[in-house]
Amino acid sequence: MSIEKGREITISVLKFNPRSKVSKPHFVDYKLEETPGMTLFIALMKIREEYDPDLSFDFVCRAGICGSCGMVVNGKPALACRTLIANYPTGNLQLMPMPAFELIKDLSVNTGKWMDAMSKRVESWIVDNGEENDITKLEERVDPDVADATFELDRCIECGICVASCGTKLMRPDFVGPVGLNRVARFEVDPHDKRTAEDFYELIGDDDGIFGCMSLLACEDHCPKHLPLQNKIAYLRRKLVALR
């Protein structure tokens, strides 16, 4: 009994090594057979193993948890491990590295460097009043609804998809990005953090922060974790604009 072959797909990858003096940006087409349930990650692994061992892209978990495999697929940022080839009827996929981040090579970008700078810029850590913690006493009770609100924003995997989707970020290189505003919203709702609205205003109260967002919704549209980014950004904007 013959086994029906899968359709032929074409994956076009923008290849470029910025560290090479002779490398120039160019697209390379790879044709391969689609298999049942094939994700873009699986297709890229097949390309690298069978066609082009020089192809560079990032991955770790393959389960949409680590956020490493972000790239631009047919003009839209997405995680390769969560992108099903079957969702592209034409079988043609054009891949490019995510904008706004330092290019390492081909589809690989340095999101870690950008995220580290963002975390320091928005002071992405708990700030208390310097009081000594008495470990012999029970922790202060946190209302379950407040805890859920904090954990909801903490689900961000810092994949960079929202940053690459953000029109403001592409026009304003110093814009903190949706992920940065999400981090501020996470600590603003956390009762362990003792900072005031005025403190947060000093961090993001300008056009490169909360007032630079144009509310284009692309960050929320493309977020692989479906975080309520626009609701939280709008809430922060209303709260901080009332201070001036």
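The side chains of Lys113 and Glu102 meet in a salt bridge, with 3.1 Å from N to O, and this pair is a convenient place to enter the structure, which is a predicted model. The domain assignment of the chain gives domain 1 as residues 6-106 and domain 2 as residues 109-128 together with 139-240, and across the interface of these two domains the rule finds one salt bridge. Four residue pairs in polar contact, both residues at pLDDT 80 or more, are also found across the interface of domain 1 and domain 2.

On the side of domain 1 that touches domain 2, strands β4 (76-79) and β6 (102-105) each supply at least two residues, and the largest share of that side, four residues, comes from β4. The C-alpha centres of the two domains lie 28 Å apart, while the contact takes 19 residues from domain 1 and 17 residues from domain 2. The area buried between domain 1 and domain 2 is about 1,500 Å², and carbon and sulfur atoms give 66% of it. Within domain 1, the residues that lose the most area to domain 2 are Pro77, Phe101 and Glu102, which together account for 35% of what that side buries.

From the interface we can turn to a single residue, Ser12, which is found in strand β1 (residues 8-15). Ser12 has a relative accessible area of 11% and is therefore buried, the cut-off for that word being under 20%. The side chain of Ser12 makes a polar contact, at 2.9 Å, with the side chain of Asp29. Leaving aside residues up to four places away in sequence, Ser12 touches Phe27, Val28 and Asp29, as well as Leu93, Gln94 and Leu95.

Helix α3, which spans residues 144-153, has Ala147, Thr150 and Leu153 as its buried residues. Seen down the axis of α3, these buried residues fall within an arc of 130 degrees, so they line one face of the helix. The general geometry of such a segment helps here: an α-helix has 3.6 residues a turn, so residues three or four places apart point the same way. The buried residues of α3 pack against α6 (177-189) and α9 (229-241), whereas the face of α3 turned away from its buried side carries the exposed residues Asp145 and Phe151. Asp145 also takes part at the start of α3, where a side-chain oxygen of Asp143 reaches to within 2.9 Å of the backbone nitrogen of Asp145.

Note on methods. Residues numbered from 1 in each chain as written. Predicted model: local features only at pLDDT ≥ 70, side-chain atom pairs only at ≥ 80, totals over all residues. Heavy atoms only, no water. Buried < 20%, exposed > 50% of the residue type's maximum accessible area, 1.4 Å probe, protein only. Polar contact = N/O pair within 3.5 Å; in protein donor to acceptor, adjacent residues only side chain to side chain. Contact = heavy atoms within 4.5 Å. Arc of directions from axis to C-beta. Domains from an automatic or database assignment. Buried area = accessible area lost by both parts, 1.4 Å probe. Salt bridge = Lys/Arg side-chain N within 4 Å of Asp/Glu carboxyl O.
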